[in-house]
Amino acid sequence: APGARGVSSPRLLAAFRAILEGIRTLERHGSLAPLLDYALDAMIRHGGARRGLVVLTDQGESVRVERGRHLEGRALRSDEMQVSRTIALKAAREVRTIVLEDATTDAEFSRAGSVVALGIRSALAIPLLVEGRSLGAIYLDDPQRVGLFGPDAVEAIEVLAGHAALAIAHARLVERVTRDVLTGAYTHGFFQEQLQRSVALARRHGRNCSLVLLDVDNFKQVNDSHGHECGNCVLQAFSEALRGALRETDYVGQPHTGEPAPAEAAHFGRFGGDEFEILLLETGPEGLAAVGRKIADAVHALRFEHDGAAVTVTTSAGGACFPAHARNAEDLFRLADEALYQAKRAGRDRFILSGAVPAKPEAEVVDPEVDALLLTREGRTALGMLGRLLEQDSDIETLLRRTLGLMAKATGAERGFL
């Protein structure tokens, strides 16, 4: 109705577009942060809130802030991340939406310590539900205005929260399959898939990609002298040192900038035991050497103690680049491994770049029919579109239908069979 309070249709459509783009981002990256940023920004806009946070619960007993956004479209600073755990936890545990027009006068929450300390006026908490199970809550508030969250805004935000809950559940499932529990690095199997795919793309588009293999020097001595619990702590500290050293360029594992990126700049995997692997995209020999030295220096500077005893941690690392050193993914892995052992033989605590003679790129096998298509403008256009299509994560039926359509159009055929 004219003049009614709530969300207009164009704004609601914009919210749905934002959450849809966020879900697509999650599918591309397997990372939860970009999707939550999209979702929170949309919820803040529609609620008119000053800030929004995602809080996740641990079996309904404790709550942690997973993500926070400001109405200015930026991540919340650490000093802005305080949340009324009383309100958020109650929404998550009782599986109900809580709308407070003025928390300072609300009969149930006005005496809560967090409400008083933070000066909260309008507040909204919506549980994140998947198959009746609560994962946490979406929390929005404003310390200045009262009566901020009307029925239409709440309804729109509940829809968005439902999408966010499914995304969180999906991301957790992906992490169980692809992430090492102890360090958060990719599993070796998943890492190898990314290596093969990245080398193929680099060959196709004439680009660089590099691989670093590294391990913790004398790790067996750490386990023997201090125990396996200490060894696990060393591996965790080692992984964090890598992330800290490379955070500025988002090289390791997950992006840290808080802003969605078109693709991960790198993949960080755990080969097994104390051995790790880092795949650097768009990185040639010079950039690889700089990154390798930075990694070795960061680990060397690591100060670690266990039960009052100092534990020295250093790393030996080796790297190789495609196509400067290697012809394919197997070559890349072998040469990086050889460089790693050269670093060990040279005294450890260092990075060594592969000294292999530049290899002649491995020629791609071109089918005669494809070769013929390359001779026509229409054929080149269709093959270019097909190449981009094959890089997308389409379902098999859509992929086959579009592939046959493109090839039939390029050749002028009436029908196509695969």
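A nonpolar patch sits on the surface of this predicted model, built from Ile396, Leu400 and Leu418, which together offer about 340 Å² of accessible area. Leu400 belongs to helix H13, residues 396-411. With a relative accessibility of 32%, Leu400 counts as partly exposed, since anything between the buried limit of 20% and the exposed limit of 50% goes into that class.

Helix H6 gives a good look at how a helix can have an inner side. H6 runs over residues 188-205, 18 residues in total, and spans 26 Å from its first C-alpha to its last. That is close to the 26 Å expected at 1.5 Å a residue. Its buried residues are Phe191, Gln194, Leu195, Ser198, Val199 and Ala202. They sit on the same side of H6 because they take up an arc of only 130° around the axis. The spacing fits a general rule: an α-helix has 3.6 residues a turn, so residues three or four places apart point the same way. One of these buried residues, Leu195, has a partner from far along the chain: Ala329 is 134 residues away in sequence, yet the two C-alpha atoms are 6.6 Å apart. Ala329 is part of helix H10, residues 329-345, and is itself buried, at a relative accessible area of 3%.

Just past the end of H6, Gly206 adopts a positive phi of about 65°. Then comes Arg207, in the loop between H6 and strand E7, whose side chain meets that of Glu282 in a salt bridge with an N to O distance of 3.5 Å. Glu282 is in the loop between strand E9 and helix H9 (285-300), so this pair ties together parts of the chain that are 75 residues apart. How open are the two ends to the outside? Arg207 is partly exposed, with a relative accessible area of 44%, while Glu282 is exposed, at 54%.

The two strands beside those loops also pair with each other. E7 (residues 209-216) and E9 run antiparallel and are joined over seven bridges. Within this pairing, Val212 has Ile278 of E9 as its bridge partner. E9 covers residues 275-281, and five of its seven residues are buried, so the strand is largely enclosed by the rest of the structure. Glu277 is one of the residues of E9. Despite carrying an acidic side chain by name, what matters here is its cover: Glu277 counts as buried, at 0% relative accessibility. Its C-alpha lies 9.7 Å from that of Gly319, which is 42 residues away along the chain.

Helix H7, residues 219-226, repeats the one-sided pattern. Phe219, Val222 and Asn223 are its buried residues, and they line one face of the helix, since they fall within an arc of 95° when seen down the axis. On the face turned away from that buried side are the exposed residues Lys220, Gln221, Asp224 and Ser225. After H7 comes Gly227, with a positive phi near 100°.

Salt bridges turn up elsewhere too, and the structure holds 21 of them. Arg67 and Asp37 form one, with their closest N and O atoms 2.9 Å apart. This pair connects strand E2 (residues 62-70), home of Arg67, with helix H2 (residues 32-47), home of Asp37, across 30 residues of chain. Are these two charged residues buried or exposed? Both Arg67 and Asp37 are buried. They also belong to a network of salt bridges that links Asp37, Asp41, Arg67 and Arg69.

Another pair is made by Glu108 and Lys90, whose closest N and O atoms are 3.4 Å apart. Here the link runs between the loop that joins strand E3 (98-100) to helix H4 (113-118), where Glu108 is found, and helix H3 (residues 85-94), which holds Lys90; the two are 18 residues apart. Both ends have some access to the outside: Glu108 counts as partly exposed at 46% relative accessibility, and Lys90 counts as partly exposed at 23%.

Conventions:
Residues are numbered from 1 along each chain as its sequence is written. This is a predicted model: local features need pLDDT of at least 70, side-chain atom pairs count only at pLDDT 80 or more; totals for chains, interfaces and linings use all residues. Side-chain values use heavy atoms; hydrogens and water are left out. Helices (H or I, at least four residues) and strands (E, at least two) are DSSP runs, numbered from the N terminus. The expected span of a helix is 1.5 Å times one less than its number of residues. Buried means under 20% relative accessible area, exposed over 50%, partly exposed in between (1.4 Å probe, protein chains only). The arc is that of the directions from the helix axis to the C-beta atoms. Two strands pair if DSSP finds at least two bridges between them. Patches are made of residues with over 30% relative accessible area and no salt bridge: like charges are joined within 9 Å, nonpolar side chains (Val, Leu, Ile, Met, Phe, Trp, Tyr) within 5 Å. Accessible areas come from the Shrake-Rupley method with a 1.4 Å probe; for residues, only the protein chains shown count as cover. A salt bridge is a side-chain nitrogen of Lys or Arg within 4 Å of a carboxyl oxygen of Asp or Glu.
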